[in-house]
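Reader: I am new to this structure and would be grateful for a close look at a single part of it. Please choose one place to begin, and explain how it is connected with its surroundings.

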Amino acid sequence: MSQAVQRDQGRQGPTFQCSAEDRERIALRYPPPKGRRLRIAVIGVLAVLLVVWTVWAGVHRSAEPVRVQVFGYHVVSDYRVDVTLDIHRGTPSDTGSCTIYATSIDSQRVGEMHYEIAPGTATDIRVRTSVKTFSRAVTAQLENCQAHR
């Protein structure tokens with residue numbers, strides 16, 4: 001291999017001069033990585049899509065037209081629980097539904113009902129409903145609350 005070591009005044013360390021034949025042999029032995037630009041482009045596109053989806057999901061989820069919370073409950077008997085719900089609607093005409101369930105002391109479901117949120121005249125309302133149970137309940141909870149669009 002014919003390499004001439006040459007020192008420049010502006011650089012520190014040796015610099016090598018290669019012949020065209022040496023450069024071609026080195027290029028064949030160590031080819032540039034294939035697909036690196038494509039890989040970077042794909043990763044960039046996926047990152048942008050992830051950011052766009054995150055923003056969309058956040059905006060979509062935060063703008064729920066109907067939100068429901070259990071304000072309280074009262075165990076009336078071994079066969080009934082009264083549940084008070086706070087309902088917030090974006091507009092009074094928004095509707096929705098929830099499943100309200102009651103659980104026993106050993107966390108078993110002892111009652112369940114489907115509650116429909118009808119359109120009304122106010123955006124924020126408090127309603128009271130009863131859940132029938134087949135044995136004594138100790139809690140009442142919500143699940144599957146959905147707005148009807």
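Author: A suitable place to begin is R109, which is partly exposed at 35% relative accessibility. In these terms, a residue is buried under 20% relative accessible area, exposed over 50% and partly exposed in between, judged with a 1.4 Å probe and protein chains only. The model is predicted, so that local features need pLDDT of at least 70 and side-chain atom pairs count only at pLDDT 80 or more, while totals for chains, interfaces and linings use all residues. Residues are numbered from 1 along each chain as its sequence is written, and side-chain values use heavy atoms, with hydrogens and water left out.

The side chain of R109 meets that of E112 in a salt bridge, with 2.6 Å from N to O. The term stands for a side-chain nitrogen of Lys or Arg within 4 Å of a carboxyl oxygen of Asp or Glu. E112 is likewise partly exposed, at 48% relative accessibility. Elsewhere, R80, D82 and R128 are joined into one network by salt bridges that share partners. As general background, side chains of opposite charge can pair when their charged atoms come close.

How many salt bridges does the whole structure hold? A search finds seven. One of them joins R128 to D82, whose closest N and O atoms are 3.7 Å apart. That pair links distant parts of the chain, for R128 belongs to strand β7 and D82 to strand β4, 46 residues apart. Strands (E, at least two residues) and helices (H or I, at least four) are DSSP runs, numbered from the N terminus. The partners differ in setting: R128 is exposed, with a relative accessible area of 56%, whereas D82 is buried at 9%.

R126 forms a salt bridge with D86, and here the closest N and O atoms are 2.6 Å apart. R126 lies in strand β7 and D86 in strand β4, so this pair ties together parts that are 40 residues apart in sequence. D86 is partly exposed, with a relative accessible area of 23%.

I125 also lies in strand β7 and is partly exposed at 27% relative accessibility. Apart from neighbours within four places in sequence, I125 is in contact (heavy atoms within 4.5 Å) with L85, D86, I87 and R89. The C-alpha atoms of I125 and P92 are 9.7 Å apart in space, and the two residues are 33 apart in sequence.

From here one may turn to the interior. The largest nonpolar core has 17 residues, and V68, V81, V83, L85, I87, Y115 and I117 have the most contacts inside it. Strands β3 (66–77), β4 (80–89), β5 (95–103), β6 (109–117) and β7 (124–132) each supply at least two of the core residues. The most is given by β4, with four residues. A nonpolar core is a set of buried Ala, Val, Leu, Ile, Met, Phe, Trp, Tyr and Cys residues joined through side-chain atoms within 4.5 Å. In soluble globular proteins, nonpolar side chains tend to be buried together. Beyond its neighbours within four places in sequence, V81 touches Y73, H74, V75, V76, A102, T129, S130, V131, T133, A137 and A140.

The path from E112 leads also to T99, a residue of strand β5. T99 is buried, with a relative accessible area of 12%. Leaving aside neighbours within four places in sequence, T99 is in contact with E112, M113, H114, Q141, L142, E143 and N144.

Strand β5 also carries one end of a covalent link. The structure holds one disulfide, meaning a pair of cysteine sulfur atoms within 2.5 Å. This disulfide joins C98 to C145, with 2.0 Å from S to S. C98 lies in strand β5 and C145 in strand β8 (residues 139–148), so parts 47 residues apart in sequence are tied together. The torsion about the S-S bond of C98 and C145 is about 125 degrees, so the disulfide is right-handed. C98 is buried at 1% relative accessibility, while C145 is partly exposed at 36%.
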